[in-house]
Amino acid sequence: MTSLNIIKAINIGLRRSLERDDKVLIMGEDVGKLGGVFRVTDGLQKDFGEDRVIDTPLAESGIIGTAVGLALRGYRPVCEIQFDGFVFPGYDQIVSQVAKMHFRSGGRLRLPIVIRIPYGGRIGAVEHHSESPEAYFAHTPGLKVVTCSNPLDAYWMIQQAIELDDPVVFFEPKGRYYTKGEVDVDGEPELPLESARVALPGADATVVAYGPSVKTCLDAAAAAADDGRSLEVIDLRSLSPLDLRAVYDSVRRTGRLVVVHEAQRSLGIGAEVAARVTEECFYSLEAPVQRVTGYDTPYPPARVEEEFLPDLDRVLDAVDRTFAY
Amino acid sequence: MTVETAAGASQPEPELVQLLTPEGQRVPHDHYDALIADITGDDVRSLYRDLVLGRRVDGEAVALQRQGELGLWASLLGQEAAQVGSARALRAQDHIFPTYREHAVALCRGVDPVRLLALFRGVDQGSWDPVETNFHLYTIVIGAQTLHATGYAMGVQRDGAIGTGDPDRDAAVIAYFGDGATSQGDVNEAFIWASVVNAPVVFFCQNNQWAISEPLERQTRVPLYRRAAGFGFPGVRVDGNDVLACLAVTREALQRARDGEGPTLVEAFTYRMGAHTTTDDPTRYRLNAELEHWKLKDPIERVKAYMVRGDLADQDFFDAVEEEAEELAVHLRAACRALPDPTPTSIFDHVYVEPTPDLLAQREAMTTYLDSLAEEEVAR
């Protein structure tokens with residue numbers, strides 16, 4: 001067991017993937033000499049060379065578009081988008097080309113591309129550096145969308161994403177980058193990439209989260225436990241496809257569901273979870289599904305991001321509301 | 001002859017590489033003659049055949065669209081020489097990234113034209129094998145494929161498949177696009193990328209003067225080939241209606257790429273004689289006189305005139321090619337009409353490499369629903 005933060009866990013995961021398969025490439029802005037602005041790719045260019053860890057021109061559409069060509073030639077590019085809000089110049093290539101190639105070619109062409117995106121708030125940044133655009137991608141057939149919440153998942157999920165023959169958008173919770181956890185780097189992954197995980201078993205209400213919000217919910221569960229209320233926290237991990245089996249099981253027991261994410265509320269992941277739980281668990285529900293999310297505004301100036309983002313108290317408030325019915 | 005520049009000042013017309021005049025006269029060229037010195041009478045006859053077959057496939061497709069057999073067709077009429085000349089410069093290992101109009105390139109590459117019809121009929125979205133033919137699927141989002149070509153070329157570099165001197169190993173990549181595409185960010189990013197990494201890619205721009213209704217001056221204030229200089233690689237303008245010049249210029253650009261000398265921009269100066277697609281009506285935005293002017297520069301007639309002038313072919317040859325084209329058209333008509341519609345549930349097959357549980361459930365739901373309709377039908 002090694003104590004690692006998420007940055008280092010992904011770094012070692014990338015290193016393992018580069019070692020395992022010489023077709024794996026890292027590409028993005030500042031990923032080489034600098035090791036990325038968050039140092040996720042630190043030391044990789046030094047050890048694997050400039051042909052495999054590529055400092056690209058500053059153009060996101062170009063990063064994704066050339067990754068498509070490299071993948072068609074048999075490579076497995078891992079693209080870094082420097083910040084969430086900078087993915088949009090590459091959005092067309094992702095949704096129009098990457099997502100559709102396998103489908104439109106009748107399965108002849110595969111694009112094993114991973115697009116890493118540090119996302120979410122809590123870093124006190126200027127505009128375009130704190131966004132949560134995951135629903136845009138999860139809405140697009142042909143993409144797989146996953147996100148990790150802790151170092152152990154980060155380490156395994158990045159390697160599993162790289163091994164997958166489908167394109168994967170890999171969201172990294174940058175507000176939790178320095179969260180530490182124990183990782184057995186020589187072990188085996190406990191779960192398939194596309195499985196949700198019960199992060200904390202509980203009996204009274206179900207709280208579903210992913211990425212940076214998982215820690216918020218675990219903190220809320222600890223506080224609720226002090227008040228004698230037992231929350232079950234489920235980490236979705238995969239947003240497309242959604243694995244809600246554990247959520248259905250949980251809601252059938254608790255009858256109460258709160259969904260938490262940093263992304264804006266309307267038409268978000270929470271809405272989809274609520275719809276599906278209503279379809280599957282209608283007679284088990286004791287209360288309407290509650291959502292605790294960012295508000296339907298652009299991401300605000302950093303001095304008010306604490307109020308914009310879901311926190312422990314807002315999660316507990318929502319849990320209380322489910323008991324008010 | 002002069003052209004007006006943006007500032008309104010006159011300057012000599014940019015050099016246009018031409019080896020065959022519109023009248024079919026072979027004009028010598030100090031540099032490019034050497035690049036087609038190996039071309040025999042058989043080769044010229046074969047180029048002519050590809051031009052005629054390309055035009056015939058296109059004409060048949062337009063007719064099939066008019067008869068309701070295709071949903072749409074993007075005609076290549078007038079651009080046969082640019083496509084055949086450039087395509088015939090390619091080697092088997094070179095990889096091609098086309099737009100949705102490169103039907104004659106596809107034909108030269110051995111792609112069954114029925115597969116092109118299938119796409120425009122709406123039975124699939126590209127059913128030829130891009131690996132086997134080295135001819136990628138058509139790309140409809142304007143300019144997106146130039147980045148794919150550049151990335152593919154980066155892969156060729158990493159595979160060590162340039163600069164070895166082995167003619168069967170060294171490979172180049174060619175990206176086709178039009179004048180309108182040169183305004184796209186992706187194309188400009190591809191130029192930058194290819195230049196910076198010295199990618200073995202040829203950017204082949206068919207400047208057909210029109211981006212649907214928008215004339216070239218909506219896209220640029222400088223001749224397109226000159227843009228290459230700003231990106232740091234050579235640009236050349238070739239008479240796009242001259243198959244020999246297109247062959248020579250593309251051969252040189254491809255060989256530069258295979259030799260590891262980096263990208264080239266080729267601007268094939270041509271004219272879209274037809275509509276943008278079968279839904280377009282060019283009479284709303286351009287004068288018929290312009291079309292009449294370009295008809296005099298027809299890419300097929302000049303090769304025919306050259307062959308007659310040089311005694312490279314007799315009437316039997318021309319008749320035989322016509323007959324072959326007619327047989328191809330008859331075959332295409334029948335094959336197009338016989339293309340089966342896809343089964344509705346097939347839409348779930350290739351969203352991912354393995355279908356997700358959600359997709360399996362949706363496929364099941366669709367099947368149940370469609371079966372219930374069929375049962376109702378039987379009950380009636």
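Let us start with the pairing of β8(B) and β9(B): these two strands run parallel and are joined by five bridges. Within that pairing, B:Asp239 has B:Phe269 of β9(B) as its bridge partner. I should state at once that this is a predicted model.

The pair belongs to an open sheet of chain B, built from five strands in the order β3-β4-β5-β9-β8 with parallel pairing. Which strands stand at the edges? They are β3 (95–97) and β8 (235–239) of chain B; each has a single partner strand, so one side of each is left without a neighbour in the sheet. From one strand to the next, the twist averages 20 degrees.

On this sheet packs α6(B), which touches β3, β4 and β5 of chain B. The direction of α6(B) makes about 170 degrees with that of β4(B).

I turn now to a second helix, α2 of chain B, which spans residues 80–87. Is this helix mostly covered or mostly open? It is mostly covered, with eight of its eight residues buried. Among them are B:Glu80 and B:Gln83, together with B:Val84 and B:Gly85. The elements that cover the buried residues of α2(B) include three strands of the sheet just described, β4 (173–178), β5 (201–207) and β9 (264–269) of chain B. The cover also includes the helices α1 (41–66), α3 (103–108) and α9 (243–258) of chain B.

Next, the contact between the chains. Here 34 residues of chain B are in contact with 33 residues of chain A. On the chain B side, at least two residues each come from α5 (130–133), α6 (144–158), α7 (185–197) and α13 (357–379). Which helix gives the most to that side? It is α6(B), with 11 residues. The helix that packs on the sheet therefore reappears at the contact with chain A. By class, the side of chain B that touches chain A comprises 17 nonpolar, 10 polar and seven charged residues.

As to the domains, chain B is divided into domain 1, residues 9–337, and domain 2, residues 344–379. The C-alpha centres of these two domains of chain B lie 41 Å apart.

Finally, chain A. An unreviewed UniProt entry lists residues 4–179 of chain A as "domain: Transketolase-like pyrimidine-binding". In the model, that span is 36% helix and 18% strand, and its end C-alpha atoms lie 8 Å apart.

Notes: Residues numbered from 1 in each chain as written. Chains lettered and ligands numbered in written order. Predicted model: local features only at pLDDT ≥ 70, side-chain atom pairs only at ≥ 80, totals over all residues. UniProt positions renumbered as here; feature names shortened; annotations may be inferred. Helix = DSSP H or I, 4+ residues; strand = E, 2+ residues; numbered from the N terminus. Domains from an automatic or database assignment. Contact = placed C-beta atoms within 7 Å. Nonpolar A, V, L, I, M, F, W, Y, C, P; charged D, E, K, R; others polar. Buried ≥ 20, exposed ≤ 12 C-beta atoms within 10 Å, placed from the backbone. Pairing = 2+ DSSP bridges. Axes fitted to C-alpha atoms, helices over the stretch in contact; angles between N-to-C directions.
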